[in-house]
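Here's a chain worth taking a slow walk through. Could you explain how its helices pack, what sits in the core, and where the backbone does something unusual?

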Amino acid sequence: MFADVNGVRIHYEAVGEGRPLILVHGNGEDMSIFDVAVEELKDFFTVITVDSRGHGQSQRVDELHYADMAEDLHCLIEHLELEKPVLCGFSDGGIEGLILASEHQDDLLRLAVAGANTDPSTIEWTEEELSTMDRDDPYIRLMLEEPHISEWDLRTIRVPTLVIAGEFDAVKRSDTEFIADKIPHGHMYIIPDADHCSYVEHSVILPRLLKDWLI
């Protein structure tokens, strides 16, 4: 299914029944990373998976900015007439979720962010990764130049927020702790023996954690 929102055509799918739960993927990915999660969650929620602008089957754009992607989610919630959905975003999707919950405080019932960061400096890139990056690639440039989420932004988030990271995440633990601490109703959960992606992509770990938190 497609929705024309915020000046772009966004691809999404919805399965199951119950309270809407939106799942948003990370940089350079698409909704397919949540195939296992959808199967785990669809008996409890209406699971809505989204391809962010410039990803998957959604419309291509010349530049990518987290603020635009967060606004896409806000407009999609309005377009679909969703009443207080839960949103779970991974990596870039988590950043979008933080911005959405800060700027549109009445959109969500709850928020979960997995592997999200507040500033480019809080990602622990290896020297090899940095040396091979194409800085003209809009997907790479997005991660190297954004986001810039402040303590004030986090303090404006009203909804209960589950802040998740892997034990060996690429996001510095101090930033995960900062996010959980500054959100008034923030709670942190560290996945043992997990890296940035392993508990999210095609995994039962994240959806089962969400079920425990939401049901």
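Let's go from a helix pair to the cores, then to a few single residues and the backbone oddities. Keep in mind that this is a predicted model.

Start with helix α2, residues 66-79, and helix α3, residues 92-103. Their axes come within 8 Å and cross at roughly 70°. An angle from 65 to 115 degrees counts as roughly perpendicular, so that's the label for α2 against α3. As for the hand of it, α2 passes α3 in a right-handed crossing. Who makes the contact? On the α2 side you'll find Tyr66, Ala67, Met69, Ala70, Leu73, His74 and Ile77, and they meet Asp92, Ile95, Glu96, Ile99 and Leu100 of α3. Sorted by class, that's nine nonpolar residues, one polar and two charged. The spacing in those lists has a familiar ring: an α-helix has 3.6 residues a turn, so residues three or four places apart point the same way.

Now for the nonpolar cores. The largest has 40 residues, and the members that touch the most others are Ile22, Val50, Leu87, Leu98, Leu108 and Leu111. Helix α2 turns up again here, giving the most to this core with seven residues. Take Leu111 as a way in: leaving out residues up to four places away in sequence, Leu111 touches Leu87, Gly97, Leu98, Ala101, Val159, Pro160, Thr161, Leu162 and Trp213. There's also a second, separate core of 24 residues, with Ile33, Ala37, Ala112 and Leu209 among its members.

Next, have a look at strand β4, where Val47 lies. Which residues does Val47 meet, apart from neighbours within four places in sequence? The answer is Glu13, Ala14, Val15, Leu21, Leu23, Val38, Leu41 and Lys42. Leu21 is 26 residues from Val47 in sequence, yet their C-alpha atoms are 4.9 Å apart. Buried means under 20% relative accessible area, and Val47, at 1%, is therefore buried.

Follow the chain out of β4 (46-51) and you reach Ser52, in the loop between that strand and α2. Ser52 has 6% relative accessibility, so this loop residue counts as buried too. Not counting residues up to four places away in sequence, Ser52 touches Ile10, Val24, His25, Ser58, Met69 and Glu96. Two of those names should ring a bell: Met69 and Glu96 also take part in the α2–α3 contact.

Over at helix α7, residues 173-182, the buried residues are Asp175, Thr176, Ile179, Ala180 and Lys182. They pack against α3, α6 (151-155), β7 (161-166) and β8 (186-191).

Finally, the backbone. Most residues other than glycine have a negative phi, and most peptide bonds are trans. Ser91 isn't a glycine, but its phi is positive, about 55°. Asp193 isn't one either, and its phi is near 60°. Are these two buried or exposed? Ser91, in the loop between β5 (86-90) and α3, has 13% relative accessibility and so counts as buried. Asp193, in the loop between β8 and α8 (205-214), is exposed, with a relative accessible area of 65%. One more oddity to check: the peptide bond from Glu146 to Pro147 is cis, with omega near 0°. You'll find Pro147 in the loop between α5 (138-145) and α6.

Conventions
Residues are numbered from 1 along each chain as its sequence is written. This is a predicted model: local features need pLDDT of at least 70, side-chain atom pairs count only at pLDDT 80 or more; totals for chains, interfaces and linings use all residues. Side-chain values use heavy atoms; hydrogens and water are left out. Axes are lines fitted to C-alpha atoms, for helices over the stretch in contact, and angles run from 0 to 180 degrees between N-to-C directions. Helices (H or I, at least four residues) and strands (E, at least two) are DSSP runs, numbered from the N terminus. Angles under 35 degrees count as roughly parallel, over 145 as roughly antiparallel, 65 to 115 as roughly perpendicular and the rest as oblique. A crossing is left-handed if the near helix is turned anticlockwise from the far one by less than a right angle, and right-handed if clockwise. Contact means heavy atoms within 4.5 Å. Ala, Val, Leu, Ile, Met, Phe, Trp, Tyr, Cys and Pro count as nonpolar, Asp, Glu, Lys and Arg as charged, and the others, Gly among them, as polar. A nonpolar core is a set of buried Ala, Val, Leu, Ile, Met, Phe, Trp, Tyr and Cys residues joined through side-chain atoms within 4.5 Å. Buried means under 20% relative accessible area, exposed over 50%, partly exposed in between (1.4 Å probe, protein chains only).
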